[in-house]
Amino acid sequence: MRARILGLLSIKPNEWEGVLYFFLVLLVFSFGASFARSIAMTLLIGEWGGDKLPIMYILIDLAAIMGFLRYAHYTNKFNGLSIFKFLLLSTALFSIIAQILFLLTTYWWIQQKWVYGFFFVGFSFFFILISIHAGSVVASYFTAFQVKRVTSIVNAGIPIGGILGGSSLLFLLRFFHIPPQYLVGVFSCACFGAFLLLRVVNIHLSPVREMQSRGTYLNPLKELISAFKYILSSRLMIFMSLGLILFVITQKMLEYQYQTVIYFNIYKNDDERIAFFATYEIFANLILLLFQLFLTSRIVMKMGVGASNMLYPILTTIMALTLFIYFYSKMQGLISDSGMIMMLSLGIITQFVNQEMRWALRTPTNNLLFNAISPNLWGSNKAFINGIVFPLSTFLAGGLIIVITGANSSMIGLTLNLSEEQIYYLLPLIAVIVSFFGIIVALPQWAAYNKEMLESLNKKVFERRLNKISGKPSNNLKQMIQQKLNSTEPEHLTVVLEVIRVLRLNDFVNQVGNLLLNTQNFQIKKHCINTLAALPQSQSNLAYLVEALHTEKEATVLPLILKDIAQFKSVNLNEDIEKLLTHPSALVFVEASLCLHAHPRYQRKHLIEKKILKCLQKLPNKALYLYALGELRQPHYSNIVLPFFKNEKSEIRVAAFTAFIRMLENQLEPHKPRLIEALNSRDKEIKLESLKALKKCKPLNDWTPIIRLLKERDRSLVTESKELLRLSLNLCNLTLIEYLFSNKISVQQRFEILSLVYPKLNDKQCQRLREEGNNALKQFVQMNGLLKLHESLEQTNKVNDLITKILQEIIEEHLLHVLTIITFASEQNLEFFQRVSVGLLSLNRANQGNALEVLSNAREKYLTDRVIRYFEERVNNLKATRRIHLVLFEEYLKIDKKRYYPLLFALEHDMLRACLLYLEQEKIGSFKLNNANKNVRELLQTAKPDTRNIKFFV
């Protein structure tokens, strides 16, 4: 029975306990709040008048500002549950005080009308604090994806409590004729009941996303300033703040319309009005309950958080437009509503949209938007939005209502002197305009939420990308650079020189040149030379380089100067440079030789070539002279470097191959077989040079060596390989697709191939790709079942942990295969794939929930929904794995103890087979290597005839 109910409500078995406890907390609190809300509104308007309502709104928000200042501070000192309990106790105490004041007002302080305002403001203040904080507490006990589904069920406690509270209030008023001001104590009892339930929660549940203490605490004002800075840096929070401003104005306009204009004119008597409110509470909360139980979570899960967030402003726009049409038509005499049935109906529907649909749609989706930011920032940011933005919005709305209606206009000295009929249609007209802008603002919220949700996943995995700087520097930047150039700190100088180099600030050429001539620090000299080389060629920077060439004594600096001088082809410094050919430093000799050889006016180039060849034959620094020989760009020397290809030293092999490429840069086609063979080199630099050289050749007949490089860990190799494939994509497309559907490629290879060919796949191939993804998902589930079986056997042999690790790696590979297909089917990029995969594979439930939330927004739905379904089940044993396998694939999972070893042997994994052969050897005393391949044999090595050991390379 319980399973059917949970299935109907879309609640997983592992979630029901937490959902139940928080549901009861909100139900009990809402029961008492329904008493307090009806009593507070009725007594305020009935005893003090509806014209005081705008003032009450302002007072509520003044109280909220002060309260949220403290709230922001204490959310960083205490956990969410402790604050929740404190708020409930404070509310209970307040209601007791209010009950005493009402009793005094009834018998002694008959003229003290301020008591009604005090209770209305105080109740609203605590209700706002508790409502906002309750959302954070519930969210901290569930993941970002879970909370989308369970929030509506938890919040269903609010309408149920409202129904029960409204029914109880109506019963007490009708049958016992108890004055409403005597029933405030019920609210106090409800708060105590919710407090006791929270103590149970503290015992039985643990938070998933606990807010961590900062260790240091700011004062309340600095907390809000910190939140303000964060909001300014977050596109999501900026548009959430704008959306809140528009929401508050719309809400207050509509609330004034139905509370003061509609209900007050229809129900003149306080008892009639409070009876109406009690009846409304029952039926409105019943409808809200059904909506929350069966629609809210389904809407959010189907449409996503961003799209669902747009529904509420759409509804308020429709209702405000309807009210405007009704009252404007009635003023023009186009509508006759003598019984006011139509007006009452509009008031009820508007209140339902403004109040109940707020709880059903806006509140849950708005709370879900906070999943995109760190839980540590929930308290301060919610405090800023609700303690600063919300009150200021209410001041604006209240002031606007006062100006339009003329109520209490003496307080601000401004009124529009509008007639009553004009006020009736002007308020909804303003609500239409403001609410329409609320729809527009919801669009960038949608995009920002998806973006920041993705960025919340494991940010440290990715390198920070520097923004490209362009344009002329500002005066402030110039002043800063000028100041730093006069600094004596090497760190300051290197940073500012880098800024000048990147921005190519030619205005500082003199300062950089003088610094080069006067400093003794090698790093500063190096930065100065690089900066001068980056600036536009001019007589100024050439003069500084030439002077440095004449005065510089350090052998490490002269080559840098010579490299830059070589760029000035029109300047003849050959005599000065020729003197450096006798310099004792080999590096200075090489750079001087290359500088002379590259100059168009130098006549003795053949002598330079002979000197370099002689040095290569007789001197030990072979790599340097091979580099120099290659830079000469002379094809007839290519045979000289060939013997160095197989040298033992890596730097010599790389230098020789690089020199070979430089010599034959325009004649590489005949040497293509040698270039392809070089792709198998153990030196990364040789592979890179070979790939670059192959770009200058005709397309290959066999693309396998290039495709093989796509699995390399070095990103530069992968990038060069992809670039080569992309240049001839029309020719290698079929080969790549053939590899794509092969089972013998790695996850990385599959991803890189898809990045090349996915736009060229036809519908049939895309369908096949989805089927491949589904098969990979099936293998992922099956391997998880095998892992659960392996863990349940509790073996104590030496290779048990290694088998576990191997199975985990196989499982991970299958999952990444599925995510690769989802990424391209959803038109996402590498960052999406990496962040989601790291999140799903994380052992942290919060990270995994964030990944599922990001994944749920992906365009591809078939595979995505199945992956989410698996992870949402939180499979932790073989029985649960069998159940989810049957649900997803409609097949029974045939994994049990009898099939354990056959299933392991069936996996094509050399390390795993070596482990299994080792286990068999322990039983029978010898290895059975008849069917073992070469890799397995190498892994199984016998150290001694009587002591067999296994060597594993993990």
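Let me start with a term: rings of Phe, Tyr and Trp, with the six-membered ring taken for Trp, pair if their centres lie within 6.5 Å. On that rule, the count for this structure is 36 aromatic pairs. Keep in mind that this is a predicted model.

Take one pair from helix α3. Phe68 and Tyr71 have ring centres 5.6 Å apart, and their planes stand at 90 degrees. Planes over 60 degrees apart count as edge-to-face, so that is the label for Phe68 and Tyr71. Where do Phe68 and Tyr71 sit relative to each other in helix α3? They are 3 residues apart, so about one helical turn separates them. Now burial. The cut-off for buried is under 20% relative accessible area. Phe68 is buried at 1%. Tyr71 is buried too, at 6%.

Next pair: Phe102 and Tyr116. Ring centres are 5.8 Å apart and the planes are at 35 degrees, so this pair is tilted. Phe102 belongs to helix α4, residues 80–107, and Tyr116 to helix α5, so the contact ties together parts that are 14 residues apart in sequence. Phe102 is buried, with 1% relative accessibility. Tyr116 is buried, with 8%.

Phe102 and Tyr116 also belong to a wider group. Which residues form the aromatic cluster? Here is the list: Phe29, Phe94, Phe102, Tyr116, Phe118, Phe119, Phe123, Phe125, Phe126, Phe127, Phe187 and Trp359. Hold on to Phe127 and Trp359. They come back shortly.

While we are in helix α4, look at Ile83, which lies in that helix. Ile83 is buried, at 9% relative accessibility. Its C-alpha is 9.4 Å from that of Val137, and the two residues are 54 apart in sequence.

Two charges sit over rings. Arg362 lies over the face of Phe247, 4.0 Å from the ring centre. Arg768 does this with Phe741, again at 4.0 Å from the ring centre.

Now the domains. The assignment for the protein chain gives domain 1 at 14–217, domain 2 at 229–456, domain 3 at 471–570, domain 4 at 604–698 and domain 5 at 765–907. How far apart are the C-alpha centres of domain 1 and domain 4? They lie 79 Å apart.

On to the voids. There are 6 cavities of 30 Å³ or more. The largest cavity has a volume of about 850 Å³. Its lining has 39 residues, and Phe127, Ile128, Gln251, Arg358 and Trp359 lie nearest its centre. So here are Phe127 and Trp359 again, both members of the aromatic cluster.

Which elements supply at least two residues each to that lining? They are α2 (16–48), α3 (53–74), α5 (114–140), α10 (235–266), α11 (270–308), α13 (341–369) and α14 (378–405). The largest share, 9 residues, comes from α13. By class, the lining divides into 18 nonpolar, 13 polar and 8 charged residues. Domain 1 and domain 2 each give at least three residues to the lining of this largest cavity.

The second largest cavity has a volume of about 230 Å³. It is lined by 18 residues, with Leu26, Ser131, Ala134, Gly135 and Asn155 nearest its centre. Elements that give two or more residues are α2, α5, α6 (144–155) and α13. Here α5 gives the most, with 6 residues. What is the class make-up of this lining? There are 11 nonpolar, 7 polar and no charged residues. This second cavity also draws at least three residues from each of domain 1 and domain 2.

Last item: the largest pocket. Its volume is about 2000 Å³. The lining has 48 residues, and Ile745, Ser746, Val747, Glu813 and His814 lie nearest the centre. Helices supplying at least two lining residues each are α31 (715–727), α33 (747–757), α34 (763–792), α35 (800–825), α36 (830–840) and α40 (900–906). By class, the pocket lining has 19 nonpolar, 13 polar and 16 charged residues.

To recap the voids: a largest pocket of about 2000 Å³, a largest cavity of about 850 Å³, and a second cavity of about 230 Å³.

Conventions:
Residues numbered from 1 in each chain as written. Predicted model: local features only at pLDDT ≥ 70, side-chain atom pairs only at ≥ 80, totals over all residues. Heavy atoms only, no water. 1 Å grid on protein atoms, 1.4 Å probe; cavity = no way out; pocket = protein on both sides within 12 Å on 5 of 7 lines; lining within 4 Å. Points joined across faces, edges and corners; volume = space filled by probe spheres on them. Helix = DSSP H or I, 4+ residues; strand = E, 2+ residues; numbered from the N terminus. Nonpolar A, V, L, I, M, F, W, Y, C, P; charged D, E, K, R; others polar. Domains from an automatic or database assignment. Phe/Tyr/Trp six-rings, centres within 6.5 Å; stacked < 30°, edge-to-face > 60°. Buried < 20%, exposed > 50% of the residue type's maximum accessible area, 1.4 Å probe, protein only. Lys NZ or Arg CZ within 6 Å of the ring centre and 35° of its normal.
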